[in-house]
Amino acid sequence: MNILITGISRGIGYGLANYYLKNHNLYAIGRKNPFGKKVKFYKLDLSAIEKIKEAIDALEIKNLDLAILNAGILGEIKDMREWSVKELEDIFKINVWANKVLIDYISSFTKKIVVISSGAGVNGNKGWGGYSLSKGAVNMMVKIYSKEIDSKIYALAPGVIETDMVKSVISFDKSKYPSLKRVEEGMVKLEDGIERVVKTIEKLDEFESGSYVDVRTI
C-alpha cells in the first residue's frame with residue numbers, strides 16, 4: 001500500500017511509521033524524519049498551512065491507499081478562561097486547519113483518510129480547553145467531509161498511549177484536574193498502543209464513513 005503519515009518524529013506518528021514502513025511505501029510530512037531514506041519525506045511545520053500543497057506536490061504521490069493525519073499539538077492544561085484567543089488559534093491551525101487543507105488536496109487520490117482525534121473531543125473535561133475544542137472540531141469536520149468527498153474518512157481516538165505529549169499532560173495538577181489521574185491510569189506502552197491503533201484502522205470499513213471511532217470501544 002501507499003501510505004501518508006503526518007508528524008512522524010515521535011509518539012504515535014513515529015510508532016505508526018515504524019510499523020507501516022516494513023511492508024508498505026511510506027510518505028511523510030513533518031518537522032523531522034528519524035527514518036532516513038526508508039521514508040519519502042518532506043520537512044514542514046504544518047502550521048505553515050500555505051506550504052502544504054507544495055509539500056504534497058514535492059512527494060509526487062500518484063495515489064494513496066491510506067492517509068493518517070496525525071500531527072497535532074496539545075497546549076496547556078488550564079481553565080478555559082485562561083486561554084487566550086491567540087493560543088486557541090495556534091492549536092486550531094495545526095489540529096484542524098492543516099488537516100482541512102490536506103484533506104482538500106489529497107482526497108481526490110486517497111482511498112481512506114484517518115484523522116487522529118481524541119476522547120478529549122467528546123468528554124469536555126475540565127482543563128482540556130483548546131485541545132478539546134480542536135478535536136471536537138475535527139470530529140465534526142470529518143463527518144461533514146464524509147458527505148462531500150469520495151474517500152472514506154474517519155476520526156480515530158487512539159486511546160492513552162505513552163508518548164511525550166501524554167507524559168506532559170500528566171505532569172499537571174491532578175488534584176485540580178481529576179481527569180489527569182484517569183489518563184495516567186489508562187496509559188499503555190507505545191508498542192501496545194500502536195498495535196491497537198493499527199488493528200482498529202483495519203476494521204474501519206465496518207463503520208460508516210464520517211464516524212468517530214475510539215479504539216477503546218471496539
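The legends below describe close-up views of a predicted model.

**View 1. Surroundings of D79 in the loop between β4 and α3.**
D79 belongs to the loop that joins strand β4 (64–69) to helix α3 (85–106). The relative accessibility of D79 is 9%, so the residue counts as buried. Leaving aside residues up to four places away in sequence, D79 touches K126, K176 and Y177. With Y177 there is a polar contact between the two side chains, at 3.1 Å.

**View 2. K78 and the ring of W83.**
K78 is placed over the face of W83. The distance from K78 to the ring centre is 5.2 Å.

**View 3. The aromatic pair of Y14 and F35.**
Four aromatic pairs are found when the whole structure is searched. One of them is formed by Y14 and F35, which are stacked, with 5.0 Å from centre to centre and 20° between the planes. Y14 is part of helix α1 (residues 11–20), while F35 sits in the loop between β2 (25–30) and β3 (40–43); the pair therefore ties together parts that are 21 residues apart in sequence. Y14 is partly exposed because its relative accessibility is 32%. F35 has a relative accessible area of 10% and is buried.

**View 4. The aromatic pair of W128 and Y131.**
The ring centres of W128 and Y131 are 6.2 Å apart and the ring planes stand at 45°, so this pair is tilted. Planes under 30 degrees apart would count as stacked, and those over 60 as edge-to-face. W128 counts as buried, at 9% relative accessibility. Y131 also counts as buried, at 9% relative accessibility.

**View 5. The buried side of helix α2.**
Helix α2 spans residues 52–59, and I52, A55, I56 and L59 in this helix are buried. These residues cover an arc of only 95° around the axis, which means that they lie on the same side of α2. The elements against which the buried residues of α2 pack are β1 (2–6), β2, β3 and α3.

**View 6. E60, just after α2.**
E60 is located in the loop between α2 and β4. Phi of E60 is near 55°, a positive value in a residue other than glycine. The relative accessibility of E60 is 58%, so E60 counts as exposed.

**View 7. The buried face of helix α7.**
In helix α7, which runs over residues 179–186, the residues S179, L180 and V183 are buried. Seen down the axis of α7, the buried residues fall within an arc of 100°, so they line one face of the helix. Helix α6 (164–169) is among the parts that cover the buried residues of α7.

**View 8. Strand β5 and its pairing with β4.**
Strand β5 covers residues 110–116, and six of its seven residues are buried, so the strand is largely enclosed by the rest of the structure. Strands β4 and β5 run parallel and are joined by five bridges. I68 stands opposite V114 in β5.

How values were computed. Residues are numbered from 1 along each chain as its sequence is written. This is a predicted model: local features need pLDDT of at least 70, side-chain atom pairs count only at pLDDT 80 or more; totals for chains, interfaces and linings use all residues. Side-chain values use heavy atoms; hydrogens and water are left out. Helices (H or I, at least four residues) and strands (E, at least two) are DSSP runs, numbered from the N terminus. Buried means under 20% relative accessible area, exposed over 50%, partly exposed in between (1.4 Å probe, protein chains only). A polar contact is a pair of N or O atoms within 3.5 Å; within protein, one must be able to donate a hydrogen and the other to accept it, and residues adjacent in sequence count only if both atoms are side-chain atoms. Contact means heavy atoms within 4.5 Å. Rings of Phe, Tyr and Trp (its six-membered ring) pair if their centres lie within 6.5 Å; planes under 30 degrees apart count as stacked, over 60 as edge-to-face and the rest as tilted. A charge sits over a ring if NZ of Lys or CZ of Arg is within 6 Å of the ring centre and within 35 degrees of the ring normal. The arc is that of the directions from the helix axis to the C-beta atoms. Two strands pair if DSSP finds at least two bridges between them.
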